[in-house]
Protein chains: 4
Amino acid sequence: MLNFCQFGAGRIGSIHAENIARHGAAKLRYVVDVNTTAAQALAQKHGAEVVSIEVALADPLVGAVVIASSTDTHADLIEASARAGKAIFCEKPIDLTLERVESCLAVAKGAGVPLALAFNRRFDPSFAELQRRLVERAIGDVEIISITSRDPAPPPVAYIKVSGGLFRDMMIHDFDVARWLLGEEPVEITATASCLVDPAIADAGDVDSALVTLRTESGRLCQISNSRRAAYGYDQRIEVHGSKGMLRAENQLPTTLEIATESGVSHDKPLYFFLERYAAAYRAELEAFIDAVTAAEAPSPCGEDGRRALVLADAALQSLREGRTVKLAP
Amino acid sequence: MLNFCQFGAGRIGSIHAENIARHGAAKLRYVVDVNTTAAQALAQKHGAEVVSIEVALADPLVGAVVIASSTDTHADLIEASARAGKAIFCEKPIDLTLERVESCLAVAKGAGVPLALAFNRRFDPSFAELQRRLVERAIGDVEIISITSRDPAPPPVAYIKVSGGLFRDMMIHDFDVARWLLGEEPVEITATASCLVDPAIADAGDVDSALVTLRTESGRLCQISNSRRAAYGYDQRIEVHGSKGMLRAENQLPTTLEIATESGVSHDKPLYFFLERYAAAYRAELEAFIDAVTAAEAPSPCGEDGRRALVLADAALQSLREGRTVKLAP
Amino acid sequence: MLNFCQFGAGRIGSIHAENIARHGAAKLRYVVDVNTTAAQALAQKHGAEVVSIEVALADPLVGAVVIASSTDTHADLIEASARAGKAIFCEKPIDLTLERVESCLAVAKGAGVPLALAFNRRFDPSFAELQRRLVERAIGDVEIISITSRDPAPPPVAYIKVSGGLFRDMMIHDFDVARWLLGEEPVEITATASCLVDPAIADAGDVDSALVTLRTESGRLCQISNSRRAAYGYDQRIEVHGSKGMLRAENQLPTTLEIATESGVSHDKPLYFFLERYAAAYRAELEAFIDAVTAAEAPSPCGEDGRRALVLADAALQSLREGRTVKLAP
Amino acid sequence: MLNFCQFGAGRIGSIHAENIARHGAAKLRYVVDVNTTAAQALAQKHGAEVVSIEVALADPLVGAVVIASSTDTHADLIEASARAGKAIFCEKPIDLTLERVESCLAVAKGAGVPLALAFNRRFDPSFAELQRRLVERAIGDVEIISITSRDPAPPPVAYIKVSGGLFRDMMIHDFDVARWLLGEEPVEITATASCLVDPAIADAGDVDSALVTLRTESGRLCQISNSRRAAYGYDQRIEVHGSKGMLRAENQLPTTLEIATESGVSHDKPLYFFLERYAAAYRAELEAFIDAVTAAEAPSPCGEDGRRALVLADAALQSLREGRTVKLAP
């Protein structure tokens with residue numbers, strides 16, 4: 001039985017807590033959150049206790065932590081948890097600066113603890129199946145990947161300001177997906193972007209619509225399209241072209257219903273946002289983490305995947321500022 | 001908190017037990033099964049106890065029972081549970097003979113207990129949404145309904161022999177769906193059928209492929225197509241034509257993946273069978289039952305729905321034998 | 001070069017005339033129509049001449065006729081054309097009474113002329129491909145066929161009155177499709193029907209919504225659903241279930257456009273009506289006729305197919321009136 | 001009646017000739033081709049005459065020319081036809097160098113003749129409907145456009161060598177589509193590309209897989225994905241995201257057939273290549289040209305559209321070579 005301490009009792013924290021509870025080989029022991037009301041509610045629901053960080057990490061029965069607190073606390077919690085010898089499952093990002101990410105990775109490595117990063121896309125059943133088929137060479141060699149990721153609506157500008165910007169906050173998921181599917185590290189990156197959704201986002205120094213192109217050593221290509229707005233809901237699609245065909249994963253719909261009337265034929269909009277769309281992925285990612293820790297295997301994606309995605313995000317920003325293709329070490 | 005005793009610890013029983021456990025206002029207290037190994041395993045998983053029928057029904061803390069044992073035990077368990085004053089959630093069918101069904105309904109009515117029948121189709125998210133849209137008159141007046149229901153493969157002939165035959169065992173679900181969507185009781189029924197899948201089914205006196213047509217007083221029509229075989233998996237579709245358009249619910253697929261190669265463009269087959277396809281429906285039907293019992297409201301579908309579906313199944317068989325349309329009281 | 005005389009210069013006549021003109025090995029020589037304005041216009045467009053029936057049939061250069069005049073003239077024109085030794089391509093129906101159909105077939109047979117019947121469904125590219133795949137046994141043995149055929153709106157009641165009724169006028173196409181795909185002659189037929197679209201249709205003694213079930217000697221089943229109304233346009237679909245899978249042909253859409261907005265995701269309605277939906281079929285059926293006549297081969301579908309479809313229509317009507325399954329000679 | 005002289009009697013020339021013949025207000029008078037056998041065959045089919053360029057252009061009855069000869073003859077024929085006062089419908093490209101394109105435009109302008117360029121995508125029924133909906137603001141303001149264009153297989157390397165390269169030969173269509181849909185001129189362009197399909201293409205100095213990003217003054221974005229290979233056929237899709245939703249046009253399939261078996265559910269591959277896919281577009285583009293010339297209106301797209309697309313192709317090549325975003329005058 002793997003006992004968990006969970007940092008963060010918000011929306012995403014509640015989901016992770018439920019998925020721990022659901023797993024036969026795991027148990028939620030502690031909940032830590034500065035919002036003690038939320039912490040109490042979540043702890044009570046799952047028969048856990050609300051304690052301080054120190055108490056939680058000092059308990060030798062705690063084998064693993066889930067870090068789902070606010071972004072600015074991630075790095076400190078990773079380091080503290082690593083030093084306490086706990087296996088770590090951390091919501092993205094590790095941190096918004098590469099330096100801090102690298103220090104976290106060093107601490108985790110030094111402590112010999114596994115550090116998993118919650119890139120949920122890899123656990124979406126359709127995306128995961130796409131990747132399996134790719135690895136089985138169902139479409140031969142990868143040639144061009146196209147990733148579309150659009151949020152239904154932009155977050156508050158207050159969030160934008162502390163988010164690290166679109167590339168580090170939103171497209172970071174797509175950078176990870178790109179690396180996962182390309183099967184090679186990108187060596188060139190080029191970004192183009194605009195602020196089309198809300199001028200306040202531009203005022204905050206960010207963009208809300210962006211196109212990024214990646215190229216690997218052997219010439220494989222990837223294009224990523226991001227927007228903070230999609231009137232029809234959360235748009236999450238992947239299309240991979242290979243030498244022998246194409247694989248694509250479309251959006252998921254709440255029902256299979258179709259209605260045909262005088263005014264046309266319609267079906268449902270995609271599931272609204274990440275909590276709904278990635279519900280199965282959240283279950284699967286925690287299950288994979290628990291299984292890996294239990295089996296003493298390295299979890300995947302890991303801290304290094306988080307670092308590499310951040311390198312791409314930083315390079316995208318540099319490309320955008322300098323109006324040129326940025327080269328990367330493979 | 002509604003305490004449950006569950007009769008039957010098989011495949012479907014395990015699902016109901018899990019859905020009781022998942023519900024915040026319900027608890028599994030007892031498991032009863034002649035297979036004590038299965039009963040123990042299920043009880044242990046959910047912190048319940050294995051007891052006899054008598055002990056379970058004598059416990060005043062038990063408010064409700066789930067009957068998911070073998071078909072031939074349903075009627076006895078309904079009557080015993082009713083007499084013990086328990087709310088009843090029963091897997092279909094109540095019984096294979098109309099007489100016994102009527103006696104069960106009388107006993108439940110006499111005891112003043114709610115009797116819900118597990119017609120899971122009504123709780124499938126796509127079918128339920130279709131029905132909501134129909135009731136909202138999204139396509140005007142119902143004109144023609146088409147229900148397709150095909151199992152991936154036939155059950156063992158030993159099961160066929162005690163099943164009551166295709167109309168009572170399989171199409172009974174579609175008769176309930178038809179009644180639910182037609183909004184009126186059928187007054188005419190006509191059946192045509194064949195044995196095309198396995199001659200052993202014919203030897204057992206049953207058919208494996210059947211078409212049935214229903215007609216209501218006002219002239220609404222419904223066609224049902226059943227087969228014990230579908231090479232591509234479990235085929236469960238509904239199409240409703242109304243004066244202002246069509247509503248249809250297609251099969252559910254495990255992923256949204258599409259692969260395009262030299263040999264064509266393909267996607268997944270439908271979810272394999274009822275446990276997968278109706279997973280959400282099983283959750284929703286038990287939730288609806290718990291909510292109804294808790295609120296002291298009548299659950300739906302109820303025992304009377306079970307009786308009416310059986311009347312249609314019997315009439316279909318009569319139509320098939322006599323080669324004519326059979327009239328029914330509205 | 002096969003020279004044609006065409007009887008009828010209306011909508012469907014214009015289409016056949018154009019398809020004759022388009023064919024490299026055929027030429028429209030004469031147009032005959034009681035509406036001389038229409039006849040002149042059509043003749044002029046294609047460099048043909050307007051003449052009387054007698055003149056046209058007396059011309060030895062005329063090798064073939066297209067009969068696209070009003071239904072009540074078909075039988076006379078078939079007999080006159082046959083006696084004049086012309087190859088005949090006739091719009092459905094040959095006649096509304098079986099007696100007259102049989103006399104026409106006898107005359108054509110006596111004269112040794114080919115008599116093709118314009119059952120256009122067989123030439124629709126999707127339906128034709130479905131049938132080819134069926135014959136290649138792509139889904140094994142045929143088990144259950146489902147044919148949906150719905151007109152966008154009912155014809156004028158004046159037409160209904162002379163049409164022979166829904167079974168002879170509309171479902172006759174589906175009877176032919178059923179025979180073509182079943183690969184065996186139906187030996188049982190059962191009909192259920194209502195008047196749901198327009199009470200004036202009931203007053204005219206007809207129905208506007210009908211379900212028919214067919215069964216062949218070996219037990220293959222077919223269900224046909226017809227309605228004179230479909231708010232979303234012309235609905236023409238076929239679904240065939242076999243021992244190894246399913247083949248289905250869906251409706252054709254004018255464009256592949258999809259629009260996703262806050263209010264849902266929509267695409268086009270089906271092509272509006274037969275002139276648009278079966279444009280390719282009209283071309284292909286005349287091409288097949290010209291090719292057959294040129295090669296001195298028997299055209300298909302032929303007069304006998306017309307007769308058998310009418311036998312089914314008559315039997316459907318009898319089944320409806322008598323409330324029972326009607327047996328047919330195989 | 002508009003009399004045409006057509007230059008070029010190859011595959012695409014045959015299609016244009018047929019579409020002239022089909023039009024009620026146009027007639028093919030002359031065919032000119034160095035391959036006299038092809039010229040004779042095409043002329044004979046349509047009742048035209050084979051003559052020299054000089055004879056054709058000297059005939060005052062000739063009102064218009066179609067230029068469908070080899071690329072290296074386009075510019076000379078445009079200038080000669082313009083000087084002879086003929087309306088010009090020219091296959092793309094006008095020429096592979098911007099200088100020569102500009103001189104052609106100047107000559108046409110000087111002569112006061114209309115010069116239409118055959119960018120067939122604009123006339124594809126689905127793409128044209130997409131553009132109409134866009135102009136009607138069905139999805140609000142344009143934000144991000146995504147164009148996918150993949151040939152089923154690369155042309156011979158001999159052709160690649162004289163083609164002007166992927167950007168001028170293939171992506172030029174997509175540059176035109178981008179301009180047409182963006183509603184603003186691009187001011188920035190960035191290209192990334194590889195040779196993944198055939199090393200012989202790299203040896204010829206070209207690429208076969210390319211991603212290009214465009215940005216307009218107001219920040220609208222467009223990404224274009226091109227490949228010389230698609231195992232599943234000709235892939236031609238457009239997706240437009242706007243402030244109020246998305247419009248997308250998918251590939252066209254030969255039939256609507258679907259087959260479901262034990263091994264999955266499949267449908268047709270897209271129509272194989274441009275002759276099939278753009279058959280309706282070829283008809284519509286010539287019809288639009290004839291209508292414009294007849295009505296003395298300016299045809300669209302015109303020579304200037306050809307010039308602007310070439311400017312984008314040249315800039316894409318420059319971006320690729322220099323590894324940076326290239327700015328363009330709006």
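Which domains does the domain assignment give for chain A? Before we look, keep in mind that this is a predicted model. The assignment splits chain A into domain 1, covering 2-113, and domain 2, which is made up of 122-282 + 308-327. If you take the centre of each domain over its C-alpha atoms, domain 1 of chain A and domain 2 of chain A lie 28 Å apart.

Let's turn to where these two domains touch. Domain 1 of chain A brings nine residues to the contact, and domain 2 of chain A brings eight residues. On the domain 1 side, two helices of chain A, H1 (11-22) and H5 (98-111), each provide at least two residues. H1(A) makes the largest contribution to that side, with four residues. Sorted by class, the side of domain 1 of chain A that touches domain 2 of chain A holds five nonpolar residues, along with two polar and two charged ones.

Now let's move on to chains B and C. A turn of 180 degrees, with a shift of 0.0 Å along the axis, lays chain B on chain C with an RMSD of 0.0 Å. The two chains are therefore related by a two-fold axis. To find that rotation axis from chain B, look for Arg324(B): among the residues of chain B, its C-alpha comes closest to the axis, at 1.9 Å. And which surface does each copy use for the contact? The same surface serves both, as 100% of the contact residues of chain B recur in chain C.

Technical notes: Residues numbered from 1 in each chain as written. Chains lettered and ligands numbered in written order. Predicted model: local features only at pLDDT ≥ 70, side-chain atom pairs only at ≥ 80, totals over all residues. Domains from an automatic or database assignment. Contact = placed C-beta atoms within 7 Å. Nonpolar A, V, L, I, M, F, W, Y, C, P; charged D, E, K, R; others polar. Least-squares fit on C-alpha atoms with pLDDT ≥ 70 in both.
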